[in-house]
Amino acid sequence: PKKNKMQRIGVIGGGLRRRLAAAAYSTSRPRLGRILATDKIDPICEQVFLDRGHSFEQRLGLSPDEISKILPDYDGLVVRSGTQVTADLLDMGSAGNLKIVGRAGTGVDNIDVAAASKTGVLVVNTPSGNTISTAELALSHMLCLARNIPQATASLKAGAWDRKKYTGTELVGKTLGIMGLGRIGQEVARWTQALGMKVVGYDPIVASSAALEMGIEPVNLNELFEKSDFITIHTPLTNETRNLFNSETLARCKAGVRIINCARGGIVNEAALLESLNAGHVGGAALDVYSVEPPSAELIELINHPSVVCTPHLGASTKDAQVRVAKDIAAQMADIIDQKGFTGVVNAPDISFAKTSRLMPYMFLAEQIARLHGQLLGDNKIARIRVTLLGKNIATSEMAESIRTATLKGVLSSILTTPVNYINASSLGNELGLKVSTVLADRPDNNYDSSVRLEFLNEGNLNSARTITGTVFKGSELRIVDVDGYAVDFHPKGNCLFFNNEDRPGVVKNVAELLGKHGINIGDFTLGRKLAGDVALGIVATDQPVTNELVAQLETLPEVFNVAAVTFPETKLDQVTQSSVHPLYSPSMPSVRPFNSQFSSGPCKKRPGYRLDKLPKESLGRSHRSGLGKARLKKAIVDSKRILGVPDDYLLGIVPASDTGAYEMAMWNMLGERPVDMCHWESFGKGWFGDATAHLGLKEGPGVREFTAEYGELPDLHQTSPDHDICFTWNGTTSGVRVPNADWISPERTGLTLNDATSAAFAMDMQWDKLDVTTYSWQKVLGGEGAHGVMILSPRAVERLESFTPANRPLPKIFRMTKKGKVDRSIFEGSTINTPSMLAVEDYLDALHWAESIGGLPELIKRSKENLSVVERFVEHNDWIHFLAKDPAQRSSTSICLTLDLDKGQVKEFVSLLEAQDVALDIGSYRDAPAGLRIWGGATVEKEDLENLMPWLTWAYNEVSASKERIAA
């Protein structure tokens, strides 16, 4: 790796720090690892290790003493649930070569994780290995419940033939409620949707937008109870979920509901379930897990209930799952030994990535603020997180990724039971769909040299935002100084009580008295006010934790509301020293990622702030010929003309089949009246030339002249004839070459100009007096959906349509633009030739509204030009990357095409690396174009995202180049 790149660095305890530091600094392949397995595991595990060049031994039936004697000779230990990996065992192993303990499965209860961290041993598990097997078991239970399969099987085997007794119900059309939308819940949703079920889901973490993308209707817990015919549970057992299904909540469920629990025992109160089954309110239950395993005598009546299907905790008990976890754990451990990654690490909780100990307090500050946000969420969900670093000392790119990771660790630690650390925080956040953007502001807050501000946009009843700001005093004192505009000053540590109150005499006194009655001692108090006598924010630091019962009592006090108890873990800043700082990952990897990795050239990125669930829905399910449908289509036409500055006497209509359909429609209707000059310098223009000659037969008729150039260049357009029809592409989507202007088109022309502007509209100035036919699609610059095209006609084009009918050229219905010799003007007033998607129409209208709200066409053009400037500055300073467009005046600001000093295979590897890191998606060049990159720079792409992408291009180039050197060596 190049030494001049910013480094991610870590603070960790003793041996673990040394292991990771050694891995990061090593430039040669580590020695081959020796792996020991002390529990039975599928042979695929051994095969993976051997294929990766490591040795593997499986020794079963060893006592703890026997294991401890041989363990120091091995680099890695693989276990299932049988071997107890104790502190003593870890002490012995780490004194020798032991670096990693791999648990082939999810739970790590048999491993002393804390002791592993102290001794410098990584603990790795495979949390996704059992996903399919558990999801399949849940679905199997659901089907058994619906059709009474186990009961009917037992009856038939007992000699009975009772079909009526075991009449079941169908799943099609029923509503399934999924509690917990993690990996397993998502799989169950996908499969049951295929079976025709309507799926609703509740998850306190997963954003509603993420649920909607999976086809799941997000609901709150009460709605899930009320709507669901079947409920399946896929959530961990926590204090919040323990006995969640009790007498009260079961009573709120729909009568006849069937409940499936293949998650954790204790979530369903078994006594309450039995009572509800006997009462006939719950129609059936399927259980794979129990509060006591094996089930105690108290559960026998429930297990034997005729409406209960039960299995002995079989969630992971499939051969496939055993193979999967064996394969995964071997691959993960080999990656760590080979210095390729740290997937699945569950310990190393103190790893940090700040560059110096002076800045590490801000890491801890961000983590504590995020913990506070998580504990104040209530029933809301996180839609988006915005991190702002204020002040030149911390508003740096090398700090941004570190603060982002700390933020994710803090909030996820407060709402997940899964261990969260600085290694897995980002991947967990990505799985849950959490979006975190980072803003760097050199100018400090008015009151503090450096501060961290976290804004959480929350989904809930009010879709509100909460903003909390903190700073660091005296180099290590963490302070929160602002909560939603309330100026406060408190240490985020220990136990705190938050509440709002009417700013009246005696209100705070009542709070203090009630705390005192319950033995809660007040250590500190701060009150934030905006206006005297208005609503205030009180924060009380207490020596003892405030219970949920006491919170409920405080809520009953007059003029006190929004009470919440919060706990902050100890940060141990005193342990942070300069000498404990060591690099963890490759120093060449950039520290900041683009907030949005979508740089596709079609369909293109949605506008900033886009939300599918916020689109108007009134027109959905309505006819496009209804008054409402026509009105929405007409609005799309009117708004498009206004924003683009199309002259009043031009027509604009919505036509089928995207830009391709629009341009083909123009060619088939209008060409053939005179010779045609076909100008092309990239794939799509070449396609129009082929259609004109091979399909329209114009070469043998009026004649076709071809004006072409290689990729990266323009032909001499001034050689075209003003007496010919001219077909051209304003912006070459696959070449990144555009016409700088329309000066080469004669104002005295007698022919028509047909302009394919699909990647130029809304991003480049159009000289409308030079253009007779212009087409574009919705999915380019405005990030709309495909399937629909737009055609803009000048009066001259209308005249051609009404005066010329191509001979021997039958037109398909969707190409017909005239009726009785006249242009069908209804197409340009809101009627369409075929049925449009009203959802796509609403999506396009949303994009048009956004475009106008930011300043219209001038602002769209400006944003696109600024995006191009970002890439131009980068290319100027790097000699291994080049614009495909030879002339700077001809460079596209939307489809930015680049070549690299790499061969085709290396370019493919380059693109794959960026996709694997989720920093740039779909940026490979078009299949017919020279190997390279095609990065979209249209107005919906944020300049900040492109700026953050550029260092990743350097990283990918260095990685691919180094790989080539290693192969050569």
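Domain bounds here come from an automatic or database domain assignment.

**Figure 1. Six domains make up the division of this predicted model.** Welcome to the whole protein before we zoom in. Going by that assignment, the protein is divided into domain 1 (34-129), domain 2 (130-156 + 168-310), domain 3 (350-493), domain 4 (494-566), domain 5 (627-854) and domain 6 (858-968). Notice that domain 2 is written as two stretches, 130-156 and 168-310. Taken over C-alpha atoms, the centres of domain 2 and domain 5 are separated by 55 Å.

**Figure 2. Helix α6 crosses helix α8 at roughly 50 degrees.** Here we meet α6 (residues 131-147), whose axis comes within 9 Å of the axis of α8. An angle of roughly 50 degrees makes α6 oblique to α8. The crossing is right-handed. On the α6 side, the contact uses T131, I132, T134, A135, E136, A138, L139 and M142. Facing them in α8 are R183, I184, E187, V188, W191 and T192. Sorted by class, this contact of α6 with α8 has eight nonpolar, three polar and three charged residues.

**Figure 3. A closer look at T192, a buried residue of α8.** T192 is found in helix α8, which covers residues 183-194. Is T192 buried or exposed? Its relative accessibility is 0%, so T192 counts as buried. Setting aside residues up to four places away in sequence, T192 touches L139, M142, L176, M197 and V199. Two of these names, L139 and M142, may be familiar from the α6 side of the previous view.

**Figure 4. A263 sits in a loop and is buried.** The loop that holds A263 runs between β11 (257-261) and α12 (270-279). A relative accessibility of 9% is under 20%, and therefore A263 counts as buried. Which residues does A263 contact, leaving aside its neighbours within four places in sequence? They are I233, H234, T235 and V289. T232 is also worth finding in this view: A263 and T232 are 31 residues apart in sequence, and their C-alpha atoms are 8.9 Å apart in space.

**Figure 5. Helices α18 and α19 cross at roughly 150 degrees.** Our last stop shows α18 (residues 507-517) and α19 (residues 548-555), with axes that come within 11 Å. Angles over 145 degrees count as roughly antiparallel, and therefore α18 and α19 are roughly antiparallel to each other. Their crossing is right-handed. V511, L514 and L515 of α18 make the contact with L550, Q553 and L554 of α19. By class, that contact has five nonpolar, one polar and no charged residues.

How values were computed. Residues are numbered from 1 along each chain as its sequence is written. This is a predicted model: local features need pLDDT of at least 70, side-chain atom pairs count only at pLDDT 80 or more; totals for chains, interfaces and linings use all residues. Side-chain values use heavy atoms; hydrogens and water are left out. Axes are lines fitted to C-alpha atoms, for helices over the stretch in contact, and angles run from 0 to 180 degrees between N-to-C directions. Helices (H or I, at least four residues) and strands (E, at least two) are DSSP runs, numbered from the N terminus. Angles under 35 degrees count as roughly parallel, over 145 as roughly antiparallel, 65 to 115 as roughly perpendicular and the rest as oblique. A crossing is left-handed if the near helix is turned anticlockwise from the far one by less than a right angle, and right-handed if clockwise. Contact means heavy atoms within 4.5 Å. Ala, Val, Leu, Ile, Met, Phe, Trp, Tyr, Cys and Pro count as nonpolar, Asp, Glu, Lys and Arg as charged, and the others, Gly among them, as polar. Buried means under 20% relative accessible area, exposed over 50%, partly exposed in between (1.4 Å probe, protein chains only).
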